[in-house]
Amino acid sequence: MFQSQEVFGCGGGGKPRRTPPRRTPPTPGGSDCFAQICSSNPSNQIRGTDRWGSGAYGAGRSGGPTQRGVDIVCAVSSRVYAPFPATVVRKLTVYSSSRHIGKPYNTGLVLRGTGAWEGYEVKMFYVEKTVGDGRRVNPGASVGTMTDRASADPGMTNHVHVELYKDRKLMDPTSFVTC
């Protein structure tokens, strides 16, 4: 097969052109799995059913809305990691009801995807943010510390609640977490 000198970057005396890397969108269940989210849970195990319900996406809640994310089992004081390359957007307050205001677990953070994850955003609840807003992080970089969410509701398995959005639309993160 004939290859032109242009292909090898030596034709015409000009500099070879660099093709920017292709940014293919992440594929659920494919090679674009989330990085480990919690230092005490290398497999990103989702919380099963406990006294307070299930950690699965869409699970029903007694007297409340359905589960809008997945709950990743995480021990108190564990490091919490970025699931994909992102920019730290901000700290968030999880609950606005008086029962939770001022409680150490009533916090979280928002990360906005970069590179192939552009257009994605993740909200992580019950995490004390340890990095500054605007900081770029790689998958697996520490972004916070797990709080004691279960202290407010005895019998609940401690966990990081993870909500995933694509172009501001909520989506099921399960296939990115469990692959």
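The following questions and answers concern a predicted model of a protein and deal with its fold, its disulfides and its nonpolar core.

Me: What pattern of helices and strands does the protein follow along the sequence?
Reply: The protein has 1 helix and 10 strands. Read from the start of the sequence, the strands are followed by the helix, and the pattern is β-β-β-β-β-β-β-β-β-β-α.

Me: How many disulfides does the protein have, and what pattern do they follow?
Reply: Two sulfur atoms within 2.5 Å count as a disulfide. Cys-33 and Cys-179 satisfy this with sulfur atoms 1.9 Å apart, and Cys-38 and Cys-74 do so with sulfur atoms 2.1 Å apart. The count is therefore 2 disulfides, and, with bonded cysteines counted along the chain, their pattern is 1-4, 2-3.

Me: How many residues apart in sequence are the parts that Cys-33 and Cys-179 tie together?
Reply: Cys-33 and Cys-179 form a disulfide. Cys-33 lies in the segment before strand S1 (70-73), whereas Cys-179 lies in the segment after helix H1 (174-177), so the parts tied together by this pair are 146 residues apart in sequence.

Me: Is the disulfide of Cys-38 and Cys-74 right-handed or left-handed?
Reply: Cys-38 and Cys-74 form a disulfide, and it ties the segment before S1 to the loop between S1 and strand S2 (79-81), parts that are 36 residues apart in sequence. The torsion about the S-S bond of Cys-38 and Cys-74 is about 80 degrees, so this disulfide is right-handed.

Me: Is Cys-74 buried or exposed?
Reply: A residue counts as buried when its relative accessible area is under 20%. Its partner Cys-38 has 0% relative accessibility and is buried, while Cys-33 and Cys-179, in the other disulfide, are partly exposed at 28% and 42%. For Cys-74 the relative accessible area is 1%, and Cys-74 is therefore buried.

Me: Which strand supplies the largest share of the largest nonpolar core?
Reply: The largest nonpolar core has 34 residues, and Phe-34, Val-80, Met-124 and Val-160 touch the most other members. Elements that each supply at least two residues of this core include S1, strand S3 (86-92), strand S9 (159-166) and H1. The largest share, 4 residues, comes from S5.

Me: Which cysteine is in contact with Val-160, leaving aside its neighbours within four places in sequence?
Reply: Val-160 is one of the residues that touch the most other members of the largest nonpolar core. Leaving aside neighbours within four places in sequence, its contacts include Ile-37, Val-70, Val-80 and Met-124, and the cysteine among them is Cys-74.

Key: Residues are numbered from 1 along each chain as its sequence is written. This is a predicted model: local features need pLDDT of at least 70, side-chain atom pairs count only at pLDDT 80 or more; totals for chains, interfaces and linings use all residues. Side-chain values use heavy atoms; hydrogens and water are left out. Buried means under 20% relative accessible area, exposed over 50%, partly exposed in between (1.4 Å probe, protein chains only). A nonpolar core is a set of buried Ala, Val, Leu, Ile, Met, Phe, Trp, Tyr and Cys residues joined through side-chain atoms within 4.5 Å. Contact means heavy atoms within 4.5 Å.
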